[in-house]
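This report describes the ligand surroundings and selected backbone features of one protein model. The sequence and structure are shown first.

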Amino acid sequence: MTTTPPASGGMFIAVDGPSGVGKSTLTRALTIQLGQDGHAVHRTAEPSDGPIGTLARGMTNAADGLTLACLYAADRYHHLAHEIEPRLAAGAIVITDRYVASGLVMQRLDGVDPDLLWALNEQARTPDLLLSLTADDDVIRRRLTRRGTHNRYQDQHTSSRDEATWHKEAAEHLAATGAVVHAIDTTHLSANAVTALAHRHVHDALAAPRRRHSGMTATTLDAASPAAASGTFLLGGDLPVHRIGYGTMQLTGPGHWYHPADINAAKQVLRRAVDLGVNHLDTADAYGPETVEHLIRKALHPYPDHLVIATKGGMTRQGPNRWAPVGRPEYLRQCVEMSLRRLAVDRIDLYYLHRVDSKVPLEDQVGELAALRDEGKLRHIGLSKVTTIQLEAARRIAPITAVQNKFNRHEPDWAMFDHCTRTGTAFVPYAPLAAGALAGRPGAARRELSWLLGLSPVVLPIPGSTSIQHLQQNVHVWWCRSVSGPTYRALQPVTWPVLAFLRFSTSPKTRLPGLPAMGGPLHPTGVPPAPCGGTTHRTLPRTEPPPARTPRIPWGNCGATDGLRRSSLSTTVPHARKRCRRSSRIRPGQPTSPKPG
Ligand SMILES: Nc1ncnc2c1ncn2[C@@H]1O[C@H](COP(=O)(O)OP(=O)(O)OP(=O)(O)O)[C@@H](O)[C@H]1O
Ligand SMILES: Cc1cn([C@H]2C[C@H](O)[C@@H](COP(=O)(O)O)O2)c(=O)[nH]c1=O
């Protein structure tokens, strides 16, 4: 939903670019200038001075790329949680010399798969501003010769061109997640001129309305609530949600049709969920239909800050327990418009295609959602009940933030689970309690939710309940665990890269006992691992490259002429868009499954 962004403390600036381009020089000078302007500024660098950063620095010349990728990512999350986020929360400007972009580039030079690098870094907070420095190769060489090299990458002359190219890609990636990116070509600029230009960019960014702050840790959410103890996930890189959410499908009459028996009780459940710190509500226009979206508005509007409402469209209803997908672009557009009205928001935070309609090309369905996103009506796009092949196809059209598939211990979808874990995509299991089989058995339900939460940090369960008592039991799931909430939160961000390290490590000494070698599924169960294609990370199944985007980062002579232009990337899907315009009649298909999620 779009509400006025809350006043956010601080500004997070990353300075990045190829080795020797002038990052440290700029970071130092900019810190001094901003300090002279009266700002509280905290200067830092990666690797951090924390324990993981110190380890990573010490190992950089000796360890293999995969080990370093995991260590640097783990250091990044630790750095964020222990140094960066607290300063930002206190209102400081934080400037870091190297950040995610370096993480996407340096170990790529060591041959690590770029998709894996992105997956390791995807949950890291997006910087507000990325100053991406470039310079001609020969100029960088001269600067390095004059200053002296101090890492092995700088001694590999042949790598510098790749380093520059991949830094541009990394900057575009970060722009796509919401960072304002300014490329500064320093080839013909003195260090003072670079600082002056960067200073103006920061000044402009401070003056511009800021996007909603988000982070790995719960600094912007109610950290003391029971739901917070389940940990935080950054939806789409910019919307923090507590991992335990609430699914509203049951707030209807029998057969998910019409009103619940007690409308006031349903409203009370919604309000109680929010009181418990749940800030990820999942609904759909088809629940009722329309009933639940109205209920949410009536119970909760005006919405509290940080409440994320995910809804869905593209599923028609013919009566109790009857559902039929319709994915025609004009119908999807109408669904979005109507949900906006019912929920009383300007923009929907997360909008799922409820079902892929097999009678309509996928690119038309996802293309229309991409168009609505470009128009500002949707913030993030999700898909429900899809295969990994459909997900990858959709990703070529638009960024996909979340997948909602059926998943529980009895009906696991490991293929999608692995895919989402590897790509950092939110995985929202529907029917997490085996479609109600465990509802009403609090111990069993809690055990299942704990199991789901423990599987991977990308899993965001949305148990539904019509009773406040069961809701409380579900939400307190982590509260009751022996690991205290704050400890769990502190551990969570670093856990994922460390797990990845253990899982992907090629060394039998470091691989976690019982985990399959690389290429197998991540889930620690008895399910047989997928066939391993080999023993190096290059054999990992490749995900699709990030969706095609039109970079508007002025990479050209940005220092001299164009450098002040604000870059924000928008997804362009000309092909899909063109197809969407072909209008055709809405025709409901046959009912598919009796119970969509
Ligand atoms: N705009 C500039 N023009 C000329 N020389 C510069 C400029 N910026 C920095 N330098 C010089 O280039 C050298 C490398 O700069 P610096 O150490 O800041 O790079 P860096 O990107 O931080 O390098 P590293 O990747 O090794 O950390 C230094 O000697 C610095 O004084
Ligand atoms: C963040 C990050 C850093 N590195 C390496 C690259 C360098 O060897 C050092 C940083 O030191 P410098 O003074 O800035 O050159 O760390 C890396 O390999 N991966 C990373 O993600």
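How many Å separate an oxygen atom of ligand 2 from an N or O atom in the side chain of tyrosine 72? In this predicted model, the separation is 3.0 Å.

## Surroundings of ligand 2

Tyr72 is one of 13 residues around ligand 2, and it belongs to the group that comes nearest, together with Arg76, Arg98, Gln107 and His150. For arginine 98, an N or O atom of the side chain is 2.6 Å from an oxygen atom of the ligand. Glycine 103 takes part through its backbone, with an N or O atom 3.4 Å from an oxygen atom of ligand 2. Taken alone, ligand 2 exposes 470 Å², of which the protein buries 91%.

Two helices, helix 3 (65–89) and helix 4 (100–109), each contribute at least two residues to the shell around ligand 2. The largest share, four residues, is that of helix 4. Sorted by class, the shell around ligand 2 consists of six polar, four nonpolar and three charged residues.

## Surroundings of ligand 1

Ligand 1 is surrounded by 17 residues, the closest being Lys23, Ser24, Thr25, Arg147 and Gln154. The side chain of serine 24 places an N or O atom 2.5 Å from an oxygen atom of ligand 1. Backbone N or O atoms are also involved: that of glycine 22 lies 3.0 Å from an oxygen atom of the ligand, and that of valine 21 lies 3.2 Å from one. On its own, ligand 1 exposes 630 Å², and 80% of this area is buried by the protein.

The shell around ligand 1 receives at least two residues from each of helix 1, helix 6 and helix 9. Helix 1 gives the most, with three residues. Eight polar, five nonpolar and four charged residues make up this shell.

## The pocket that holds the ligands

Where do the ligands sit? Ligand 2 is in the second largest pocket, and ligand 1 sits in the second largest pocket as well. The space in this pocket amounts to about 890 Å³.

Its lining comprises 39 residues, and Gly20, Lys23, Ser24, Arg147 and His150 lie nearest the centre of the pocket. Among these, Lys23, Ser24 and Arg147 are also listed with the closest residues of ligand 1, while His150 is listed with the nearest residues of ligand 2.

Helix 1 (23–36), helix 3, helix 4, helix 6 (137–147), helix 7 (152–155) and helix 9 (191–207) each supply at least two residues of the lining. Helix 1 contributes the most to the lining, namely five residues. By class, the lining has 16 polar, 13 nonpolar and 10 charged residues.

## Backbone features

Two cis peptide bonds may be noted, each with a proline as its second residue. One joins glycine 288 and proline 289, with omega about -15 degrees; proline 289 belongs to the loop between strand 9 (280–282) and helix 11 (291–300). The other runs from histidine 301 to proline 302, with omega near 0 degrees, and proline 302 is in the loop between helix 11 and strand 10 (308–313).

Which sign does phi have at histidine 256? Although this residue is not a glycine, its phi is positive, at about 60 degrees. Histidine 256 is located in the loop between strand 8 (246–247) and helix 10 (263–275).

Definitions and conventions
Residues are numbered from 1 along each chain as its sequence is written. Chains are lettered from A and ligands numbered from 1 in the order in which they are written. This is a predicted model: local features need pLDDT of at least 70, side-chain atom pairs count only at pLDDT 80 or more; totals for chains, interfaces and linings use all residues. Side-chain values use heavy atoms; hydrogens and water are left out. A residue is near a molecule or strand if one of its heavy atoms lies within 4 Å of it. A polar contact is a pair of N or O atoms within 3.5 Å; within protein, one must be able to donate a hydrogen and the other to accept it, and residues adjacent in sequence count only if both atoms are side-chain atoms. Accessible areas come from the Shrake-Rupley method with a 1.4 Å probe; for residues, only the protein chains shown count as cover. On a 1 Å grid over the protein atoms alone, a cavity is a set of points where a 1.4 Å probe fits but cannot get out, and a pocket is an open set with protein on both sides within 12 Å along at least five of seven lines; lining residues have an atom within 4 Å of a point. A molecule sits in a cavity or pocket if more than half of its atoms lie within 2 Å of its grid points. Ala, Val, Leu, Ile, Met, Phe, Trp, Tyr, Cys and Pro count as nonpolar, Asp, Glu, Lys and Arg as charged, and the others, Gly among them, as polar. Grid points are joined across faces, edges and corners, and a volume is the space filled by probe spheres set on the points.
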